[in-house]
Amino acid sequence: MRIVTTLKSIRWKITRAGLRQVVKRAARRVLINHAFEDANGHSYRWLHSDIETFMASVEADVSALRPQATLDALPSFGTQLMVEFATYTISAGRVLTNLGVPAEVTRQLVSDLGWDIYRRLLGLTSAPVRMMTRDPGRRIRWTIRMLLWFPFGAHGAPGYAVETSRDGDDILTHFTHCPPQTLARRLSEQEGDPEILEVFRKSWCTFDWPGADLIADDGHRGHYRRTRTLSHGDSVCDMCWIARSAQQ
């Protein structure tokens with residue numbers, strides 16, 4: 001038991017060190033290029049020292065949030081990893097707000113930070129499938145099945161709860177429980193701050209549309225559809241990953 005605990009501790013130390021670097025590099029790419037506006041309406045841009053200060057504040061807030069994430073109660077490492085990412089999303093939004101950044105700008109910046117990370121990780125994950133087949137439908141189906149194994153394994157609440165089916169060549173993934181969303185909603189309600197959930201919704205819940213197009217990689221949009229969303233208060237994320245045959 002002690003050996004297992006030690007191995008888990010080592011795994012998380014390595015994982016968190018990697019996550020810090022991933023988030024820091026994204027912050028350097030995204031925030032250094034954003035034009036901010038001060039109270040007098042003057043435009044300014046962050047220096048590298050500002051980004052270092054931002055990252056230090058995010059790290060401190062993530063450490064404070066982590067006990068509320070209850071990672072040990074989650075059923076898989078993949079689920080824990082996604083919730084760990086969610087703490088960074090929540091903390092980035094809180095830190096930007098504390099720095100006086102307007103809510104609309106904060107939402108967009110956190111979304112841009114998240115997308116910078118998401119597209120790189122998704123591109124890396126889907127690369128083997130995209131090399132094996134040029135058919136966009138197969139690329140989507142094979143990649144989604146792989147992602148449903150890791151990190152979105154359907155272990156049921158308090159992990160991910162998802163029903164998967166096919167509609168012709170399209171693949172349906174109906175999520176009824178999403179641990180990152182659950183964390184954001186719980187913190188939003190506990191702290192009486194709807195912006196926590198809104199920042200999460202404007203980032204995590206907007207990536208699937210461009211993400212599906214990235215996976216298909218056929219030069220077209222429209223590979224994803226969703227009419228209901230958990231973070232919007234619905235009972236399900238009714239995701240449809242739309243295959244577009246290479247022959248069409």
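**Exercise 1.** Decide whether Leu99 in this predicted model is buried or exposed, and place the residue in the fold.

*Solution.* Step 1: the relative accessibility of Leu99 is 51%. Step 2: the class "exposed" requires a value over 50%. Step 3: Leu99 therefore counts as exposed. Step 4: in the chain, Leu99 belongs to the loop that runs between helix H3 (77-98) and helix H4 (103-132). Step 5: from Leu99 to Arg166 the separation is 67 residues in sequence, and the C-alpha to C-alpha distance is 46 Å.

**Exercise 2.** Describe the largest pocket by its volume, its lining residues and their classes.

*Solution.* Step 1: the largest pocket holds about 1,000 Å³ of space. Step 2: its lining comprises 45 residues, of which Met82, Tyr118, Phe152, Trp204 and Phe207 are the closest to the centre. Step 3: elements that give two or more residues to this lining include helix H1 (2-31), helix H2 (48-69) and strand E4 (170-177). Step 4: H4 contributes the most, with nine residues. Step 5: sorted by class, the lining of the largest pocket has 33 nonpolar, ten polar and two charged residues.

**Exercise 3.** Carry out the corresponding analysis for the second largest pocket.

*Solution.* Step 1: the volume of the second largest pocket is about 210 Å³. Step 2: among the residues that line it are Lys8, Arg11, Trp12 and Asp72. Step 3: H1 and H3 are the elements that give two or more residues to this lining, and the largest share, four residues, comes from H1. Step 4: the classes are three nonpolar, two polar and four charged residues.

Definitions and conventions: Residues are numbered from 1 along each chain as its sequence is written. This is a predicted model: local features need pLDDT of at least 70, side-chain atom pairs count only at pLDDT 80 or more; totals for chains, interfaces and linings use all residues. Side-chain values use heavy atoms; hydrogens and water are left out. Buried means under 20% relative accessible area, exposed over 50%, partly exposed in between (1.4 Å probe, protein chains only). On a 1 Å grid over the protein atoms alone, a cavity is a set of points where a 1.4 Å probe fits but cannot get out, and a pocket is an open set with protein on both sides within 12 Å along at least five of seven lines; lining residues have an atom within 4 Å of a point. Grid points are joined across faces, edges and corners, and a volume is the space filled by probe spheres set on the points. Ala, Val, Leu, Ile, Met, Phe, Trp, Tyr, Cys and Pro count as nonpolar, Asp, Glu, Lys and Arg as charged, and the others, Gly among them, as polar.
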